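Have your viewer open and your selection tool ready. We will go from stop to stop, choosing a few residues each time and seeing what surrounds them.

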Amino acid sequence: MKFILRSFSYLMHPLFMPLLGVVIYFAITPKFIPESFMYAKIFAISILTLIVPILFYFLLESINLVSSKELSDVKERRIPLICQIGITILIVTVIINGYEFPELYLFFLGILIASGLALIFSLFKYKASLHMVGVSGVLSFIIALSMVYTTNYLEIISLLIIAIGCTAASRLQFKAHSMHELIVGILVGGLPQLIVFYFYNI
């Protein structure tokens with residue numbers, strides 16, 4: 001059981017969540033998108049949201065600015081979060097065109113807001129769960145898409161809710177977070193997605 005719970009901490013890692021949202025979007029969008037164009041976007045986002053942060057983490061580790069990949073010390077989160085904010089700004093200004101992909105643009109805008117909120121919390125020495133921020137952001141994104149497309153994505157939404165529950169249980173089991181840090185993480189990740197879709201007419 002511990003192995004299953006621990007696996008959710010890795011599978012639902014915050015680094016994977018932006019790419020997961022992008023892949024789900026391309027899988028369910030009713031819009032016609034040429035495959036070569038779609039794969040180019042996925043590749044670019046993979047580089048920026050996975051490879052660059054991993055390399056940046058090893059750089060920080062080599063100069064002793066972080067001590068573990070869990071970033072258990074709240075102070076260690078600040079530089080990686082600033083890096084995340086910079087990468088997200090690059091994505092919404094260069095990679096994702098708001099006219100061609102307004103839904104993805106809003107998704108990353110929501111990620112940008114959530115990252116900014118997580119950074120603010122870290123400045124006040126509060127450790128909101130980044131796992132919950134990531135997976136709840138994807139869940140809210142899919143809920144927003146279901147409203148925009150007026151289509152039922154109940155299966156995907158159900159799987160993401162289960163993933164949130166299992167990931168939360170994993171973080172509690174291994175004492176990575178308290179319950180209130182998990183709840184705050186869910187709100188920080190989920191609410192910005194719903195808010196940007198509500199106020200942006202697409």
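Start by selecting Phe107, which is buried at a relative accessible area of 1%; buried here means under 20% relative accessible area, exposed over 50% and partly exposed in between, using a 1.4 Å probe and protein chains only. Before going on, note that this is a predicted model, in which local features need pLDDT of at least 70, side-chain atom pairs count only at pLDDT 80 or more, and totals for chains, interfaces and linings use all residues. Residues are numbered from 1 along each chain as its sequence is written, and side-chain values use heavy atoms, with hydrogens and water left out.

**Stop 1: the aromatic rings**

Now add Phe141, also buried, with a relative accessible area of 0%. How far apart are the ring centres of Phe107 and Phe141? The centres are 4.3 Å apart and the planes lie at 25°, so this pair is stacked. For reference, rings of Phe, Tyr and Trp (its six-membered ring) pair if their centres lie within 6.5 Å; planes under 30 degrees apart count as stacked, over 60 as edge-to-face and the rest as tilted.

Phe107 sits in helix α5 and Phe141 in helix α6, so the pair ties together parts that are 34 residues apart in sequence. Helices (H or I, at least four residues) and strands (E, at least two) are DSSP runs, numbered from the N terminus.

The structure holds 10 aromatic pairs. To see a cluster linked by ring pairs, select Tyr25, Phe26, Phe37, Phe101, Phe107, Phe108, Phe141 and Phe197.

**Stop 2: the nonpolar core**

Keep Tyr25, Phe26 and Phe108 selected, then add Leu104, Ile142 and Leu145: these six have the most contacts inside the largest nonpolar core, which has 45 residues. Such a core is a set of buried Ala, Val, Leu, Ile, Met, Phe, Trp, Tyr and Cys residues joined through side-chain atoms within 4.5 Å.

Colour by helix next. The elements giving two or more residues to this core are α2 (17-28), α3 (35-62), α4 (78-95), α5 (102-123), α6, α7 and α8 (179-199). Which helix gives the most? That is α6, with 8 residues.

Centre the view on Phe108. Leaving out residues up to four places away in sequence, Phe108 touches Pro18, Val22, Ile45, Thr88, Ile91, Val92 and Ile96; contact means heavy atoms within 4.5 Å.

Then move to Met38 in helix α3. Met38 is buried, with a relative accessible area of 14%. Beyond its neighbours within four places in sequence, Met38 is in contact with Phe26 and Ile33. Measure from Met38 to Phe26 in your viewer: their C-alpha atoms are separated by 7.4 Å, for residues 12 apart along the chain.

**Stop 3: α6 against α7**

Show helix α6 (residues 130-148) and helix α7 (residues 154-173), which pack at an angle of about 170° with their axes 10 Å apart. Axes are lines fitted to C-alpha atoms, for helices over the stretch in contact, and angles run from 0 to 180 degrees between N-to-C directions. The two helices, α6 and α7, are therefore roughly antiparallel; the ranges are under 35 degrees for roughly parallel, over 145 for roughly antiparallel, 65 to 115 for roughly perpendicular, and oblique for the rest.

Turn on side chains where they meet: the α6 side includes Val135, Leu139 and Ile143, and the α7 side includes Ile157, Leu160 and Ile164.

Stay on α7 and pick Ala168. At 14% relative accessibility, Ala168 is buried. With residues up to four places away set aside, Ala168 touches Met132 and Leu182.

The next residue to select is Ala169, also in helix α7. Is Ala169 buried or partly exposed? At 32% relative accessibility, Ala169 counts as partly exposed.

**Stop 4: two loop residues**

Most residues other than glycine have a negative phi. Go to Lys125, in the loop between α5 and α6, where phi is positive, near 60°. At 59% relative accessibility, Lys125 is exposed.

Finish at Thr150, in the loop between α6 and α7. Thr150 also has a positive phi, near 45°, and is exposed at 71% relative accessibility.
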